[in-house]
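Hi everyone, thanks for making time. I'd like to walk you through a structure that's new to most of us, so let's put it up on the screen.

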Amino acid sequence: MKKILPKITAWFTGFIALFLYFLLESMFVVPNKRKSVIIGYIITLIIVVLILLIYHQGLRQQNSWHFTIKFSKCDKTTVRKASWAILAFAIILLVQVLIGYILGSGATSQNQTALNQLINQEGMQFKVFIGLVAPIIEETIFRGIFFNLCFTKNTKQNMILGIITNGLVFAIFHDPEFSPFIIGYWLMGSMLAFVYLKTRDLKWPILVHMANNLIGLI
């Protein structure tokens, strides 16, 4: 019972983090749920902090991968970590271009179409959410909390299976219709998981995710 209870608690707090993200997303998507800009940003900050606390609490209980808990300073490994991030970002962009070429330049996923409509309707606040807030929360949940709960042992097999599974979960979340674009989301999620496991530092997949979303906004 002593071994099972921490696992149940970890999964429960993981679902709480996901629920908080859905709650925050609905606040940005549905205008009447957002009473004011200031209150909206305060709620956003509170939710981001809570999700990060859930992630860090999970690291203190299970961290066989030796993920960085504190914000790491630049050192001799920074260039290597940045190289993994840049490589992953380049692959993500290349695959997106190839998918766009194969399916046609005007083809977009249902998720992207919905985002484009919301960007036009909601303006700057939603752009801040997509470009800054969403990458932080999604990487904390889909990469950080995911590997706190699944594939927790630092083995080569878990790295391969974890990257593939993590990418699939990320893809289904962004393309539940299983359109051809799910391949792009799958690869993007897998590459972000790859960066997280190679750098052992959550800030690198966050930066890659931010860069990808910012290009989409531009």
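Okay, I'll start with a pocket. By class, the second largest pocket is lined by 6 nonpolar, 6 polar and 2 charged residues. Before I go further, a reminder that what you're looking at is a predicted model.

So how much space lies in the second largest pocket? About 290 Å³. It has 14 lining residues, and those closest to the centre are Lys 7, Ala 10, Gln 62, Asn 148 and Leu 149. Which helices each supply at least two residues of that lining? Those are helix 1, helix 2 and helix 5. Helix 1 gives the largest share, with 5 residues.

Now over to the largest pocket. Its volume comes to about 1,100 Å³. There are 43 residues in its lining, and if you want to find the centre, look for Ser 109, Asn 111, Gln 112, Leu 115 and Tyr 185, which lie nearest to it. Quite a list of helices feeds into this one: helix 1, helix 3, helix 4, helix 5, helix 6, helix 7 and helix 8 each put in at least two residues. The largest share belongs to helix 4, residues 110-122, which supplies 8 residues of the lining. As for the classes, the lining of the largest pocket has 23 nonpolar, 16 polar and 4 charged residues.

Let's pick out helix 6 from that list. Helix 6 runs from 156 to 174. It has 19 residues and spans 27 Å from first C-alpha to last, close to the 27 Å expected at 1.5 Å a residue. Buried residues in helix 6 include Asn 158, Gly 162, Ile 163 and Phe 170.

Keep Asn 158 in mind, as we meet it again with my last stop, Trp 65. Where does Trp 65 sit? In the loop between helix 2 (37-61) and helix 3 (78-103). And is Trp 65 buried or exposed? Trp 65 counts as buried because its relative accessible area is 2%, under the 20% cut-off.

Who does it touch? Leaving aside neighbours within four places in sequence, the contacts of Trp 65 include Phe 151, Asn 158, Met 159, Leu 197 and Arg 200. With Phe 151 there's something extra: the side chain of Trp 65 reaches the backbone oxygen of Phe 151 at 2.9 Å. For a sense of scale, Trp 65 and Phe 15 are 50 residues apart in sequence, and their C-alphas are 22 Å apart in space.

That's my tour, happy to take questions.

Definitions and conventions:
Residues numbered from 1 in each chain as written. Predicted model: local features only at pLDDT ≥ 70, side-chain atom pairs only at ≥ 80, totals over all residues. Heavy atoms only, no water. Helix = DSSP H or I, 4+ residues; strand = E, 2+ residues; numbered from the N terminus. Buried < 20%, exposed > 50% of the residue type's maximum accessible area, 1.4 Å probe, protein only. Contact = heavy atoms within 4.5 Å. Polar contact = N/O pair within 3.5 Å; in protein donor to acceptor, adjacent residues only side chain to side chain. 1 Å grid on protein atoms, 1.4 Å probe; cavity = no way out; pocket = protein on both sides within 12 Å on 5 of 7 lines; lining within 4 Å. Points joined across faces, edges and corners; volume = space filled by probe spheres on them. Nonpolar A, V, L, I, M, F, W, Y, C, P; charged D, E, K, R; others polar. Expected span 1.5 Å × (residues − 1).
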